[in-house]
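Student: I would like to go through this model step by step, with a reason attached to each answer. Please show the sequence and structure before we begin.

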Amino acid sequence: MSQWSQVQQLEIKFLEQVDQFYDDNFPMEIRHLLAQWVESQDWEAASNNEAMATILLQNLLIQVDEQLDRVSQEKNLLLIHNLKRIRKLLQGKYHGNPMHIAVIISNCLREERRILAAASMPVQGPLEKSLQNSVVSERQRNVEHKVSAIKNSAQMTDQDVKYLEDLQEEFDFRYKTIQSLEQSDKNSALIKQEMLALQAMLNTLDYKRKEVLSKIGRVIHEIDMLMSNMLTEELLDWKRRQQIACIGGPLHGGLDQLQNCFTLLAESLFQVRRQLEKLDELLTRLTYDGDPIPVQRPQLLEKVNFLLYNLFRNSFVVERQPCMPTHPQRPMVLKTLIQFTVKLRLLIKLPELNYQIRVKATIDKNVSTVSNRRFVLCGTHVKAMNMDESANGSLSVEFRHLQPKEMKSSAGSKGNEGPHMVTEELHSISFETQVCLYGLTINLETSSLPVVMISNVSQLPNAWASIIWYNLSTNDPQNLSFFNNPPAATLSQLLEVLSWQFSSYVGRGLNSEQLNMLAEKLMGQQVSYSDYQLSWAKFCKEHLPGKSFTFWVWLEAILDLIKKHILPLWIDGYVMGFVSKEKERILLKDKTPGTFLLRFSESNLGGITFTWVDQLENGEVTFHSVEPYNKGRLAALPFADILRDYKVIMADNVPENPLKYLYPDIPKDKAFGKHYSCQPNEVSKPSDGGVKGYVPSVFIPVSKILNDSTDPHSPSDLLPMSPSVYAVLREHLSPTAIETAYQNPSSSITCTIAF
């Protein structure tokens, strides 16, 4: 079943998450119509390879054209219209930057895998539960309702101001008419009656002025209360959700809803401002003793301007945190002299501001960091915000060509800093601009979440650990001295984030059993980790007991192994992975001989092994674990092929494959058959080609297993071997390799067999 087919079967709450990240950047129609083709392409590799991205973009457009031909024959007018629009959009948007669409599609596929993984998990973690709090959802609906009510009130007040203006014009006309009469005419009874009517009209004007000012005051008060309470909380919640999403958590949404609220409030405030200007105009034409306008209007205008200043300042946000395109799943880790991207948005979307706001990017502006390292930004660091580059028409700007460069320090402190010091230094990318609108000038500033600067890619794992710990532990956006005294983290939350590393990076999260094993690895014993506190040093700085590496280095090596060598097997759920040797034996002891499971090595970095259960003639149960395979060996031979072709030489000297059933009872070929590079009966024959004059060959892993009670110290201790078997081994293996297999019964060797 394709990934897209699995997505379509999700519950509605997960489908809503999927809906959030499909837009005109990569329309869902294309994802649906080209599901299998999209999933079969390597978009992640193309995101770092312009030539490959160009070819994929061309092929994508060809696929769209083929769909157009198909729907044209079906005369589906609506789909024809949409596909033509989408094709034009894709070609125009990505023709000059094909790697950008590769990044977008790669991210979409990764988010789908993360959501599928989350849907398969029986229980949500504490962090994800907090993000999906029903109280938060209710507040979002209340904010939208109140903003709509405020907009309606401001529009109704417009009608009141217009009525007041018409009433004053009528009063002004009638008053001037009387004033133009001769003095003798003013004493007539009719004129006296008109004067009484004008006095009544003036009283009505006074009442309506007070009423309008009161309504304006109520609108301003409602906006003030909404901004001070619910809207501020909504913005802070969105920023927290962004933090969590950056470290692999659920995709954050809601920015478009916030933009709608901010824009409507800004429009309402500007509308109120125009109403106050109209009252000032009416004041210049008519005033009187006790007139409320000269008393109340200045205070109301000051309050409106104050709210506009605050609204604009809060609306300037970092929509997408700094990230190197080469490492899309490791945001906020930046390498010197390598380009990174960052996107900002002004949540107040007014046409008058299009291309009128220029944003400047700087680094470590007006802040002190924990070291003497200083950086400057190279590349285009000043750009104008516009509504044309974003698919949803938001007022935004994306910096795509910024590069951090380290300045030389006369203090020479760089050479004295250890690897952890460098990756625990936090820096800040700052942005500033100025808005000039309707006589207001507002200076805006915002900053990215703290970033870690590295000079070598080998520092990336520890740098990413720092980013995880910071964003897990605090919602403070600018605590650059955080690692002077890093707080402990709740183990349950940390385990949830570790599961996110797997779901976001390799497409499948961890279940409760796997997380229990990691908890034991961290704590050294079985613990109830619901409220246990874990230190930063234990996570990333202290070596595991008896090992030369830390817990995080061990886990990061496993992530790298999965990503590069066993990804399909991991996504299918066939790699148990995180299981101790003791638990492994408990699981296998009652199983059919030949049952095996796959687990990650606890002693070798980035290693995977398999253990199978066997039974001796006397009924005794035995277990065999092969020497762990690392990325060097897996680069030469796919792991699925190793499982298929693996052979051991048992006591009777007959090579056989002991792996029959994947735990608990899945036939091996059923589990891994689709991942074999070729079927056994499809191995190349001499006539199949190859270099002329040579016989094609294949690699086959072989192990020698001795009786557990025997330690071969001399050739006489070795099990007998028939001359024919020994001849086969001598033909394909060196004497040294044969001797190694006998001296190390649990190890495996790979031989080349010719056909």
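Student: In what order do the four strands of the open sheet stand?

Tutor: The model is a predicted one. Its four strands pair in the antiparallel sense and form an open sheet. The order is β1-β3-β7-β5.

Student: Which strands stand at the edges of this sheet?

Tutor: An edge strand has a single partner strand, so one side of it is left without a neighbour in the sheet. Neighbouring strands are turned by 35 degrees against each other on average, direction ignored. The strands at the edges are β1 (316-323) and β5 (374-378).

Student: Which residue is the bridge partner of C378 in β7?

Tutor: Strand β7 covers residues 395-407 and pairs with β5 in the antiparallel sense over five bridges. In β7, the partner of C378 is Q403.

Student: Which helix packs on the sheet, touching β1, β3 and β7?

Tutor: The direction of this helix makes about 35 degrees with that of β3 (340-346). The helix spans residues 255-285 and is α12.

Student: How many Å does helix α13 reach from its first C-alpha to its last?

Tutor: Helix α13 (residues 293-315) has 23 residues, for which 33 Å is expected at 1.5 Å a residue. Its buried residues include L300, L307 and F312. They pack against elements among which are α11 (189-246), α12 and β1. The reach of α13 is close to the expected span, at 32 Å.

Student: Is T611 buried or exposed?

Tutor: T611 is found in strand β14 (residues 608-615). Among the residues it touches are E584, L588 and F623, and its side chain makes a polar contact with the side chain of S625 at 2.5 Å. Because its relative accessible area is 0%, T611 is buried.

Student: Is M332 buried or exposed?

Tutor: M332 lies in the loop between β1 and β2 (333-335), and has a positive phi of about 70 degrees although it is not a glycine. With a relative accessible area of 0%, M332 is buried.

Student: What is the relative accessibility of Y355?

Tutor: Y355 has a positive phi of about 65 degrees although it is not a glycine. Its place is in the loop between β3 and β4 (358-363). Y355 counts as partly exposed because its relative accessibility is 44%.

Student: Which residues does a cis peptide bond join?

Tutor: Omega of this bond is about 5 degrees. One of the two residues is found in the loop between β18 (661-662) and β19 (666-667). The residues joined are Y663 and P664.

Conventions: Residues are numbered from 1 along each chain as its sequence is written. This is a predicted model: local features need pLDDT of at least 70, side-chain atom pairs count only at pLDDT 80 or more; totals for chains, interfaces and linings use all residues. Side-chain values use heavy atoms; hydrogens and water are left out. Two strands pair if DSSP finds at least two bridges between them. Axes are lines fitted to C-alpha atoms, for helices over the stretch in contact, and angles run from 0 to 180 degrees between N-to-C directions. Contact means heavy atoms within 4.5 Å. The expected span of a helix is 1.5 Å times one less than its number of residues. Buried means under 20% relative accessible area, exposed over 50%, partly exposed in between (1.4 Å probe, protein chains only). A polar contact is a pair of N or O atoms within 3.5 Å; within protein, one must be able to donate a hydrogen and the other to accept it, and residues adjacent in sequence count only if both atoms are side-chain atoms. Lists of a residue's contacts leave out its neighbours within four places in sequence.
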